[in-house]
Amino acid sequence: MIINVVTIFPDFFVTPLGLSIPARAAAAGSVEYRVIDLRDFTHDRHRTVDDTPYGGGPGMVMKPAPFFEAVEALGATTPIVLMSARGRRFAQADAVRFAAGNELTILCGHYKDVDQRVADHLATEELSLGDFVLSGGEPAALAVIDATVRLLRGAMSDQESAFGDSFWERGLSAPSYTRPPEFRGHTVPEILLSGDHKKIAEWRESEGERLTQEQKVRNSS
């Protein structure tokens, strides 16, 4: 697949996309990253991407024209995602949907806001990581990219591992343990050392359900 990222900070993505799973996915030929400098689609000597808001008020608003021109130059197809605090919360199901496609374009805002016409008439959806505000869309875009490309062929040495993750057609996954069986007086649950795979599977399912319910209670309080 192709992942396009439109940003005023292209250097932000150089190191993360060159490391670990995002890099493995690219090396395997499963993904191509195209990071686009939004300022390349401005037409003044200062390469201006923002302006004061209509109606007054503090902060600066990113202009619509550079975003439209960047996406048009890419010839991007859907989905075109604007990372936005107003967006629906990104979920594992979105990562699965994106990974099944051929192309994904992510628009990164900055400053106070992005002109609403980008959300209404260019982006096909708005996504958020949660109820908090970041300095820009770049960290959120990286999270979406990582969650998506780890599902692609060649990204993980053990692809089956992804199917046991939290939120993969389920709630949270069960806790994980590895050697040693005892560390500073803290022991691994005996069931995991039993060799009884049926009981281990049942324990993992039960623990996942328990943790999912506990999380729901915490989130509602």
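**Exercise 1. Is I3 buried or exposed, and what is its relative accessible area?**

Some ground rules come before the solution. This is a predicted model, in which local features need pLDDT of at least 70 and side-chain atom pairs count only at pLDDT 80 or more, while totals for chains, interfaces and linings use all residues. Residues are numbered from 1 along each chain as its sequence is written, and side-chain values use heavy atoms, with hydrogens and water left out.

Solution.
- Step 1: take the cut-offs. Buried means under 20% relative accessible area, exposed over 50%, and partly exposed in between (1.4 Å probe, protein chains only).
- Step 2: apply them. I3 has a relative accessible area of 0%, so I3 is buried.
- Step 3: place the residue. I3 belongs to strand β1 (residues 2–7); helices (H or I, at least four residues) and strands (E, at least two) are DSSP runs, numbered from the N terminus.
- Step 4: list what surrounds the residue. With neighbours within four places in sequence left aside, I3 is in contact with V31, E32, Y33, R34, L104, I145 and V149, where contact means heavy atoms within 4.5 Å.
- Step 5: compare sequence with space. I3 and S220 are separated by 217 residues in sequence and by 35 Å from C-alpha to C-alpha.

**Exercise 2. Describe the salt bridges of R88 and the network that R88 belongs to.**

Solution.
- Step 1: define the term. A salt bridge is a side-chain nitrogen of Lys or Arg within 4 Å of a carboxyl oxygen of Asp or Glu. The structure holds 13 of them.
- Step 2: take the partner D94. The side chains of R88 and D94 form a salt bridge at 3.0 Å, N to O. D94 is buried at 5% relative accessibility, and R88 is partly exposed at 44%.
- Step 3: take the partner E125. The closest N and O atoms of R88 and E125 are 3.6 Å apart, and the two residues form a salt bridge. R88 lies in strand β5 (residues 80–89) and E125 in strand β8 (residues 125–128), so this pair ties together parts 37 residues apart in sequence. E125 counts as buried, at 16% relative accessibility.
- Step 4: turn to R89. D131 forms a salt bridge with R89, with closest N and O atoms 3.3 Å apart. D131 is in the loop between β8 and α6 (138–149) and R89 is in strand β5, so the pair links distant parts of the chain, 42 residues apart. D131 is exposed at 75% relative accessibility, and R89 is partly exposed at 49%.
- Step 5: join the pairs. Salt bridges with shared partners connect R88, D94, R97 and E125 into one network.

**Exercise 3. How many aromatic pairs does the whole structure have, and which geometry is found?**

Solution.
- Step 1: state the rule. Rings of Phe, Tyr and Trp (its six-membered ring) pair if their centres lie within 6.5 Å; planes under 30 degrees apart count as stacked, over 60 as edge-to-face and the rest as tilted.
- Step 2: count. The search finds 1 aromatic pair.
- Step 3: classify. F12 and F13 lie 5.5 Å centre to centre with 65° between the planes, an edge-to-face pair.
- Step 4: check exposure. F12 is partly exposed, at 37% relative accessible area, whereas F13 is buried, at 1%.
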